[in-house]
Amino acid sequence: MFGGRKVYIYLFILRILTISHPLPTFYSLIRCRTYINAFVTFLENGRRWRCNICAQLNEVPAPYFCHLDDEGRRRDRDARPELSQGVVEYIAPSEYMVRPPQPPSYFFVIDVSATSVQSGMLTSVANAIRASLDSLPGSPRTQVGFLTYDDSVHYYSLKSGLASPQMLVVADLVELFVPAPDDLLVNLQESRDVIDVFLENLPSMFEKTTSQNACLGPALKAAFTVTKHIGGKMCVFQSVLPTIGDGALAPRENVSIMGTPDEIKLLRPSGKWYKDTAVEFSRAQISVDMFLFPRAYIDVASLSELPKITAGTLHTYPGFSHDVDGARFESELTRSLTQHTAFEAVMRIRCTRGMRINNFYGNFFVRGTDLLALPNCTSDSVFAFDLVHDEQSVSSSVVTVQAALLYTSSEGERRIRVVTQAIPVSSLASEIIGSVDADAVSALLAKQALDIGIKTNLDNARNRLQQACVELVRASKEGDKPRTVSGYAAPPPMHQPQQQQGGAESENKPIPENLKLLPLYTLALMKNVVFRGGTDIHPDERIASMQRLTGMDVTASKHFIYPRMFSLHNMSPSAGLPSTAAPSDDDDEKVAGQDRIELPKVLNLTVERLTSNGIFLLDDGVDMFLWVGRSSDPAILNSLFGANSLEGVDMSRVKLQTSGNDFASRLNAITSALREDNSTQNLVAKVTIVREGDHGLESRFFWHMIEDSASFNGGTFSYEDFVSFVNSGGQGHHPPGAGPGPRVSGEVVVGCVYYFDSLMSC
């Protein structure tokens with residue numbers, strides 16, 4: 001915190017290395033539980049070493065001894081990954097096991113009410129699970145089970161050797177019991193034939209149902225009883241508001257309080273049942289991935305407690321239709337099931353003495369004060385945290401942060417992944433601010449503002465974003481003036497005269513190059529569906545977006561906050577084809593996908609860029625919109641839609657062509673590439689066609705035009721106005737509702753994110 005202002009730094013941990021030998025006992029210190037790492041110091045010709053977390057001096061055991069070179073480094077440093085790499089992995093000894101490693105378990109809990117059947121959800125669920133069976137982690141140890149529910153709970157005996165599964169119905173939702181407990185969770189390989197028969201018949205098993213209810217609470221209790229001895233992943237598919245049995249919810253949407261400070265009541269859980277259930281699941285090492293298919297209010301705020309606390313994920317598909325949304329949903333479910341997964345995991349983060357972890361962000365349950373319980377941890381898992389000063393000064397030249405993830409691999413090995421990062425300490429604000437990355441800062445500020453928004457209200461969240469942007473830009477202009485850090489007076493810079501800058505001189509200084517996009521991203525966040533005001537955001541949609549943003553890494557956050565808009569009607573002939581240019585640092589804006597597909601020109605987000613004779617693709621990483629001007633080239637329209645004009649056409653019947661001509665094929669290559677990453681299972685994009693003049697869809701499309709002034713309270717800044725406001729140090733004109741607001745407590749100096757990418761060995 002410089003001059004009373006907060007500065008944020010992000011850490012990125014990507015590289016993974018596996019160490020095959022067991023972990024020696026001396027690697028973990030009794031005092032601070034730190035693992036030996038590349039930043040410890042060896043002394044007395046290698047006979048002793050000093051911990052870089054707690055500064056304790058330790059003896060080096062004889063089998064580990066090695067002489068030091070002329071620079072004071074061990075001669076075998078490069079041959080020992082734990083002393084030369086920032087990320088290493090060990091096979092854990094027996095004392096790190098509470099129980100023997102369990103086989104991977106996948107249990108599916110499926111709503112089979114009439115709404116699920118009619119929407120085609122059951123068909124899509126069966127298709128995706130069937131396509132994933134051969135790729136589920138852990139074969140041949142993998143366990144699988146199914147449970148369906150409407151007014152009652154339906155178990156399925158999948159015992160090996162059966163010609164078809166046996167349905168066992170329990171109608172008493174109060175005194176639930178588990179019939180045939182040994183045959184409900186079975187080995188996938190041994191019972192593959194009967195599982196295939198079940199999935200083939202699932203879409204038609206309930207086609208004549210008239211039940212409109214779904215007893216989610218009793219179904220969860222039943223599923224917990226079946227899986228609590230083993231843990232694993234539980235996938236829940238829900239289409240309607242659960243209104244019977246334990247966990248029953250009542251409709252509570254209230255249009256009159258939307259857009260007011262009281263709206264926060266709709267964004268908080270209605271009770272404690274789902275939270276208490278989630279905590280119980282977490283203790284049993286069960287992670288919940290929840291897939292919601294609402295056609296009306298479903299109270300996402302309450303249901304989301306399950307994936308949030310059990311380290312799972314939440315996916316929503318409002319108004320789901322198998323024909324329209326099936327491909328996207330099936331790709332997301334398949335990815336969730338087949339991605340590399342760590343089971344029975346816990347994570348602890350340690351830092352140098354004098355600093356402390358203040359807040360955690362992500363999906364987890366905190367045991368004690370600092371142990372994150374993660375029943376599942378995947379290559380998509382993201383965790384962020386804040387660091388604050390715990391003492392007035394830090395004696396070392398670097399601040400070390402170490403995260404240790406203890407988990408069970410899908411092969412049944414107990415492993416420890418250790419991630420260590422050393423952050424240089426500086427007494428110069430200019431050096432710190434010069435290293436700040438605007439993309440990373442925006443991602444962390446979004447997670448912090450989410451926390452504030454739920455605890456207080458959305459006005460305070462927007463004010464927090466605005467205040468942080470103003471203060472960081474102001475600090476960047478004021479130079480190395482005297483300052484405080486987390487409430488402590490910082491020492492003056494060494495060997496450099498103090499600069500006394502401020503007032504008009506500071507205001508007229510340009511924003512540093514590395515922070516020029518920060519005001520843009522901040523304004524985009526304030527107008528994002530997560531934080532924007534107004535009465536047109538349904539509480540279910542807002543909570544779903546909040547959960548999505550919580551679990552996003554830096555790149556995904558950037559595109560979700562400030563979507564990319566491409567001009568298609570005038571794209572170059574090479575757009576949509578593999579790029580022939582050499583890779584560069586700005587490839588993110590020029591190419592996409594594993595084949596480096598060339599992207600069209602990216603436009604800034606203002607309606608001034610839209611023209612009636614143009615076609616524009618907007619992508620926020622989750623949804624894609626294709627805006628079609630009413631005067632678009634008939635030849636292009638015919639290539640994309642098989643019609644020369646969309647005027648008077650029923651848009652529900654319009655399908656985007658993906659092949660058959662050059663333009664359609666190149667556009668399909670672009671949309672596919674935008675969803676590709678390093679995963680073996682790429683996601684399928686859903687493209688919503690927006691015809692110019694269609695008020696409903698077009699108004700949602702215009703939500704993303706964040707550089708224009710919006711009409712909701714607190715969103716009337718245009719980008720030009722907001723930059724002027726930030727440059728003035730927050731002293732300029734405040735649009736209604738956009739005042740500085742109360743200061744939010746908490747003096748954060750460092751923010752970090754760890755995500756365990758490429759869990760290839762799990």
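## Working through a sheet and its helices

In this predicted model, Asp-619 has Met-624 of strand S27 as its bridge partner. That pair is a handy place to start.

**Exercise 1.** Work out which strand S27 is joined to by five bridges, and in which direction the two run.

*Solution.* Step one: start from the bridge between Asp-619 and Met-624. Step two: look up the strands, S26 at 615-619 and S27 at 624-628. Step three: S26 and S27 are joined by five bridges and run antiparallel. As a reminder, strands in a sheet pair through backbone hydrogen bonds, parallel or antiparallel.

**Exercise 2.** Put the strands of the open sheet in order and say which ones stand at the edges.

*Solution.* Step one: the five strands go S25-S22-S26-S27-S28, and the pairing is mixed. Step two: S25 (602-603) and S28 each have a single partner strand, so one side of each has no neighbour in the sheet. Those two are the edges.

**Exercise 3.** Find out what helix H20 packs on, and which of its residues are buried.

*Solution.* Step one: H20 packs on the sheet and touches S22, S26, S27 and S28. Step two: compare directions, and H20 makes about 110 degrees with S28. Step three: within H20 (residues 695-703), the buried residues are Glu-698, Phe-701 and Trp-703. Step four: their cover includes those strands, along with helix H14 (518-527) and helix H15 (539-550).

**Exercise 4.** Describe how H11 and H12 pack, and sort the residues of their contact.

*Solution.* Step one: two packed helices are described by the angle between their axes and the distance between the axes. Step two: for H11 (residues 438-455) and H12 (residues 458-478), that gives about 145 degrees and 8 Å. Step three: the crossing is right-handed. Step four: the contact includes Val-441, Leu-445 and Ile-452 from H11, and Leu-458, Arg-464 and Leu-472 from H12. Step five: sort them all, and you get 10 nonpolar, three polar and one charged.

**Exercise 5.** Decide whether Ala-449 is buried or exposed, and list its contacts beyond four places in sequence.

*Solution.* Step one: Ala-449 sits in helix H11. Step two: Ala-449 has a relative accessible area of 0%, so it counts as buried, the cut-off being under 20%. Step three: beyond those close neighbours, Ala-449 touches Ala-461, Leu-465 and Phe-531. Step four: check a C-alpha distance too, since Ala-449 and Arg-462 are 13 residues apart along the chain, with 7.3 Å between their C-alpha atoms.

Key:
Residues are numbered from 1 along each chain as its sequence is written. This is a predicted model: local features need pLDDT of at least 70, side-chain atom pairs count only at pLDDT 80 or more; totals for chains, interfaces and linings use all residues. Side-chain values use heavy atoms; hydrogens and water are left out. Axes are lines fitted to C-alpha atoms, for helices over the stretch in contact, and angles run from 0 to 180 degrees between N-to-C directions. Helices (H or I, at least four residues) and strands (E, at least two) are DSSP runs, numbered from the N terminus. A crossing is left-handed if the near helix is turned anticlockwise from the far one by less than a right angle, and right-handed if clockwise. Contact means heavy atoms within 4.5 Å. Ala, Val, Leu, Ile, Met, Phe, Trp, Tyr, Cys and Pro count as nonpolar, Asp, Glu, Lys and Arg as charged, and the others, Gly among them, as polar. Buried means under 20% relative accessible area, exposed over 50%, partly exposed in between (1.4 Å probe, protein chains only). Two strands pair if DSSP finds at least two bridges between them.
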